[in-house]
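Student: Could you show me how to read a structure that I have never looked at before? I would like to go feature by feature, with the general idea ahead of the particular case.

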Amino acid sequence: MSWANCWPVPTWTASSSPPRPTSIATSWSGRRPAGKHIFTEKVLAPTVAEATEIIAAADANGVKLVVSLPRLAHGYTQAIRDVIAGGELGRLTYGRVRLSHDGAIPRNGNDGWLPQRFFDQKAAIGGALTDLGCHPVYLLQLFLGAGPETVSATYRSVAGRGLEDNAVVTVGYPDQKIGVIEAGFASPNPFTIEIFGTDGSLTYTDEGNVLRVAGKQLPVPEHSLDPFGQWVDHITEGTRADDNLARAVELTRLVVAANEAAEQGQAIAYSGKEVS
């Protein structure tokens, strides 16, 4: 884990996975941590309790904390939200988000390009779902809602390097929507989003940056301010990243539940909190 200052603003930055967050939160108790604000990678913590403890400690010490959830600021995300809000799809029935690369797969007699630490339980906390799958998780929560009532998960290891490199998570909502989250280190697929409703369907692929609704291609706007820029704004303006932190907690909550469901080999009950 590397922690360093970056840009002119004092920061504490995390790479792909956090250290033991309880010890971090404890070290903040009663004092601001060396005057440093924090910009961290997802997930914020291995458990919801630790995530909320970190946020509480940051708040208590005047620390501006932002978790990097970059695809929330991408142009296609806003365009999809606008389509959903406009009602063109009707009542939503299904959503699917897939993000995958082939970093686990050996090529030309060499191990895959993804470092082995991504497959070490202690270093990585979890496999493909906990790492790359965070992006499909928070996007599906944005599009369909963060309050499903059931979670099931199937994990497999194509390359056999330890933790899963091939993951599918299915969530069921009280209003009968179904959401599917796919993540993997075993296949170089385009990033894809599908949203279906009673009156139409939407698809997006980053292969050509193409968004279609009912077969018609729509323009994809430019990205808005990225999480790092938002973090700097919160520091300079003295504001709190309310939406970001709420979504970071719900991301952790669903990742933890998915890992539990995969370990148990069955669907489990779930209770998330909607983010307004």
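Tutor: We begin with an inventory: this is a predicted model, and its chain holds 7 helices and 12 strands. Of the 276 residues in the chain, 52% are buried. Among the contacts with a separation of 6 or more, 72% are between residues 24 or more positions apart.

Student: In what order do the strands of the open sheet lie, and what is the pairing?

Tutor: A sheet is read from neighbour to neighbour. Here 9 strands form an open sheet in the order β11-β10-β9-β8-β4-β7-β6-β5-β12, and the pairing is mixed. The edge strands are β11, residues 216–218, and β12, each of which pairs on one side only.

Student: Which helices pack on that sheet, and which strands do they touch?

Tutor: Helix α5, residues 134–144, packs on the sheet and touches β4, β6, β7 and β8, with its direction at about 160° to that of β4. Helix α7 also packs on the sheet, where it touches β5, β6, β7 and β12, and its direction makes about 65° with that of β5.

Student: How should I read the two faces of a strand, and which residues of β5 are on the covered face?

Tutor: In a regular strand, the side chains alternate between the two faces of the sheet. In β5, residues 150–156, the covered face has V151, A153 and Y155, while T150, S152, T154 and R156 belong to the uncovered face.

Student: With which strands does β5 pair, and over how many bridges?

Tutor: On the one hand, β5 pairs with β6, residues 166–172, in the antiparallel sense over 7 bridges, and there S152 has T170 as its bridge partner. On the other hand, 2 bridges join β5 to β12, residues 268–269, and these strands too run antiparallel. Within that pairing, T150 stands opposite A269, and V151 stands opposite I268.

Student: Now for a pair of helices: at what angle do α2 and α7 cross, and what is the hand of the crossing?

Tutor: For two helices we look at the approach of their axes, then at the angle, then at the residues that meet. The axes of α2, residues 48–60, and α7, residues 242–264, come within 9 Å and cross at roughly 160°. That angle makes α2 roughly antiparallel to α7, and the crossing is right-handed. The residues V48, A51, T52 and I55 of α2 meet L245, V249, T252 and R253 of α7. Sorted by class, this contact has 5 nonpolar, 2 polar and 1 charged residues.

Student: Finally, which residues does a cis peptide bond join, and which residues have a positive phi without being a glycine?

Tutor: Such details are read from the backbone angles. The cis peptide bond joins K42 and V43, with omega at about -15°, and V43 lies in the loop between β2 and α2. As for phi, N108 has a positive value of about 55° although it is not a glycine, and N209 likewise has a positive phi of about 55° without being a glycine.

Student: Where do N108 and N209 lie, and are they buried or exposed?

Tutor: N108 is in the loop between β4 and α4, and N108 counts as exposed because its relative accessibility is 79%. N209 has its place in the loop between β9 and β10, and at 36% relative accessibility N209 counts as partly exposed.

Notes
Residues numbered from 1 in each chain as written. Predicted model: local features only at pLDDT ≥ 70, side-chain atom pairs only at ≥ 80, totals over all residues. Heavy atoms only, no water. Axes fitted to C-alpha atoms, helices over the stretch in contact; angles between N-to-C directions. Helix = DSSP H or I, 4+ residues; strand = E, 2+ residues; numbered from the N terminus. Parallel < 35°, antiparallel > 145°, perpendicular 65-115°, else oblique. Left-handed = near helix turned anticlockwise from the far one by under 90°. Contact = heavy atoms within 4.5 Å. Nonpolar A, V, L, I, M, F, W, Y, C, P; charged D, E, K, R; others polar. Buried < 20%, exposed > 50% of the residue type's maximum accessible area, 1.4 Å probe, protein only. Pairing = 2+ DSSP bridges.
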